[in-house]
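Thanks for coming, everyone. Let me put today's structure up on the screen, and then we'll walk through it together.

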Amino acid sequence: MELQSPRPTGKNSIQCGTCGKTFQYKSHLVRHLRIHTGEKPYSCSTCGKKFNEESTLKSHVRVHTDEKPYLCGICGKRFRWRTQLVKHMRIHTKTQVCELNSQTCRQTDARKKALQCDTCGKAFIYKSHLVTHLRVHTGEKPHCCITCGKRFGQKSDLERHARIHTGEKPFSCSACGKRFIEKSGLDRHVRIHTGEKPYLCSTCGKRFTWLIQFKTHMRIHTE
């Protein structure tokens, strides 16, 4: 895209020569211009994904580091992003923030009923969650892998699947450097280093690192 030169507006602001949007600071205009040019100067050193703003890169890096800086002051649960914390807080307050005017709106019984699954009765706070849930009953799988054609009900499942084809392994073990496609794989691997054995046999008290070991062991007591 051919960009037009920025134009001063005479009101202590600078105007984008391409779309006419105005900015008070030149640095803000520089960031805005990347929308038109497609420039993404900030690159993730772990997976190579590129971003047009440094703040977006910093937020993305938490996927790899598992940093969760946002803390719920009520239950202590931590979150990677502020939006996750805001949504979580509604569990405690049973309120929702109005996206249009930032006012706090009390949820009504009618609102709750509107977000209930007619098939199984499960209730949801957000409409998007209900829409995703309904695919369990309908079998709808709108997300398709362009490489092998396999279909998925959720976009996140498709994104994880795509790593099989791309070879991307964004989750790295800080102890030995081994990389994994999914965080769950990394979590299981880390037990080798920590010695954690989360699976407990209630019959004999023996503990196991992995679920498959636990299931194999239980046959001793059941057979």
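How many residues apart are Asp-187 and Lys-183 in helix H7? Hold that thought for a second, and keep in mind that we're looking at a predicted model.

Okay, so: Asp-187 and Lys-183 are 4 residues apart in H7, which runs over residues 183-194, and that puts about one helical turn between them. Now, an α-helix has 3.6 residues a turn, so residues three or four places apart point the same way. And sure enough, the side chains of Asp-187 and Lys-183 meet in a salt bridge, at 3.1 Å from N to O. Both partners are partly exposed: Asp-187 has a relative accessible area of 36%, and Lys-183 comes in at 25%.

Let's stay on H7 for a bit. With 12 residues at 1.5 Å a residue, H7 should span 16 Å, and its end C-alpha atoms are indeed 16 Å apart, so the two agree. Which residues of H7 are buried? Those are Gly-185, Leu-186, His-189 and Arg-191. As for what covers them, the list includes three strands: S12 at 171-172, S13 at 179-180 and S14 at 199-200. Then, just after the helix, Gly-195 takes a positive phi of about 80°.

Back to the salt bridges. How many does the structure hold? There are 3. The next one pairs Arg-160 with Asp-157, and here the closest N and O atoms are 2.2 Å apart. These two sit together in helix H6, residues 155-166, with a spacing of 3 residues, again about one turn of the helix. Arg-160 counts as partly exposed at 30% relative accessibility, and Asp-157 is partly exposed too, at 27%.

The remaining pair is Arg-135 with Glu-140, whose side chains meet at 3.9 Å, N to O. Is each partner buried or exposed here? Arg-135 is buried, with a relative accessible area of 18%, while Glu-140 is partly exposed at 42%. The cut-off for buried is under 20%, so Arg-135 makes it into that class.

Now a word on the annotation. The UniProt record, which is an unreviewed entry, gives "domain: C2H2-type" for several stretches, among them 115-142, 143-170 and 171-198. What does the chain look like over two of those? Residues 115-142 are 43% helix and 0% strand, with the end C-alpha atoms 21 Å apart. Over residues 143-170 the chain is 43% helix and 14% strand, and the ends are 21 Å apart there as well.

Let's jump to another annotated stretch, 14-41, and look at His-32. You'll find His-32 in helix H1, residues 26-37. His-32 is buried, at 9% relative accessible area. What does His-32 touch, leaving out residues up to four places away in sequence? The answer is Cys-16, Cys-19, Lys-21 and Phe-23.

Last stop, the surface. Ile-192, Trp-210 and Ile-212 make a nonpolar surface patch of about 310 Å². One of the three, Ile-212, belongs to helix H8, residues 211-222, and this residue is exposed, with a relative accessible area of 63%.

That's my tour, so over to you for questions.

Notes: Residues numbered from 1 in each chain as written. Predicted model: local features only at pLDDT ≥ 70, side-chain atom pairs only at ≥ 80, totals over all residues. Heavy atoms only, no water. Salt bridge = Lys/Arg side-chain N within 4 Å of Asp/Glu carboxyl O. Buried < 20%, exposed > 50% of the residue type's maximum accessible area, 1.4 Å probe, protein only. UniProt positions renumbered as here; feature names shortened; annotations may be inferred. Patch = residues over 30% accessible without salt bridge, like charges linked within 9 Å, V, L, I, M, F, W, Y side chains within 5 Å. Areas by Shrake-Rupley, 256 points an atom, 1.4 Å probe, with all protein chains shown as cover. Expected span 1.5 Å × (residues − 1). Contact = heavy atoms within 4.5 Å.
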